[in-house]
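Please walk through the fold below, from the sheet to the helices around it and then to two individual residues.

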Amino acid sequence: MPKKTKARILHVDDNQDTRLLMAAVLGDAQYGVMTAGTIAEALQLAREIEFDLFILDIRLDDGTGIELCQKLRDVQPNVGVLYYSAYASDSEQQKALAMCGDSYLRKPVGIADLEEAVASLLAKKGVGVEAAPTEEAPAAQPPA
């Protein structure tokens, strides 16, 4: 029986090694991770699969993570977006988040910090949060 994943994540980065590392790290944390190297690949996957989180690099070979964020929001408007990039001053981070996106991690980042940022953003979006029990019929009593 396949393992149940906590959430479906699309990670977009033009560096294959970064994609492989991210998929391994988040996969070990029980997330289902798909990767893309270009905006075109990411948009195709987003049209085919419902994701719970997008993790985007800012600089991609065919555009920017901000442009991709805006396009992804047209396809899946309620999905959280976490930027994960080595390129950004504080003002660039603020600009990116003001235009599109929910959170920003600057590379390099430790595994625990990455997992915490992912879990926090998913929780804010209501993914992986247990629903409160509903009041239905009382539990069956064991026979006397």
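Strand β1 (residues 8-12) runs parallel to β2, and five bridges join the two. Helices (H or I, at least four residues) and strands (E, at least two) are DSSP runs numbered from the N terminus, and two strands count as paired if DSSP finds at least two bridges between them. Within this pair, His-11 stands opposite Thr-35 of β2. The model is a predicted one, in which local features need pLDDT of at least 70 and side-chain atom pairs count only at pLDDT 80 or more, while totals for chains, interfaces and linings use all residues. Residues are numbered from 1 along each chain as its sequence is written, and side-chain values use heavy atoms, with hydrogens and water left out.

The pair belongs to an open sheet of five strands with parallel pairing, in the order β2-β1-β3-β6-β7. Its edges are β2 (32-36) and β7 (103-106), each of which pairs on one side only. On average, neighbouring strands are turned by 20° against each other, direction ignored. Helix α4 (residues 90-99) packs on this sheet, where it touches β6 (80-85) and β7, and its direction makes about 150° with that of β7. Such axes are lines fitted to C-alpha atoms, for helices over the stretch in contact, and angles run from 0 to 180 degrees between N-to-C directions.

Helix α1 (residues 16-28) also packs against strands. Its buried residues are Thr-18, Arg-19, Met-22, Val-25 and Leu-26, where buried means under 20% relative accessible area and exposed over 50%, with partly exposed in between (1.4 Å probe, protein chains only). These residues lie on the same side of α1 because they cover an arc of only 140° around the axis, the arc being that of the directions from the helix axis to the C-beta atoms. They pack against β1, β2, β3 (53-56), β6 and α5 (111-124), contact meaning heavy atoms within 4.5 Å. On the other side of α1, Asp-17, Leu-20, Leu-21 and Asp-28 are exposed. Just after the helix, Gln-30 takes a positive phi of about 70°.

Two buried residues remain. Ser-85 is found in β6 and has a relative accessible area of 0%. Beyond four places in sequence, Ser-85 touches Asp-57, Ile-58, Tyr-104, Leu-105, Arg-106 and Lys-107. Ile-39, in helix α2 (residues 39-48), is buried at 5%. Ile-39 and Gly-63 are 24 residues apart in sequence, yet their C-alpha atoms are 7.1 Å apart.
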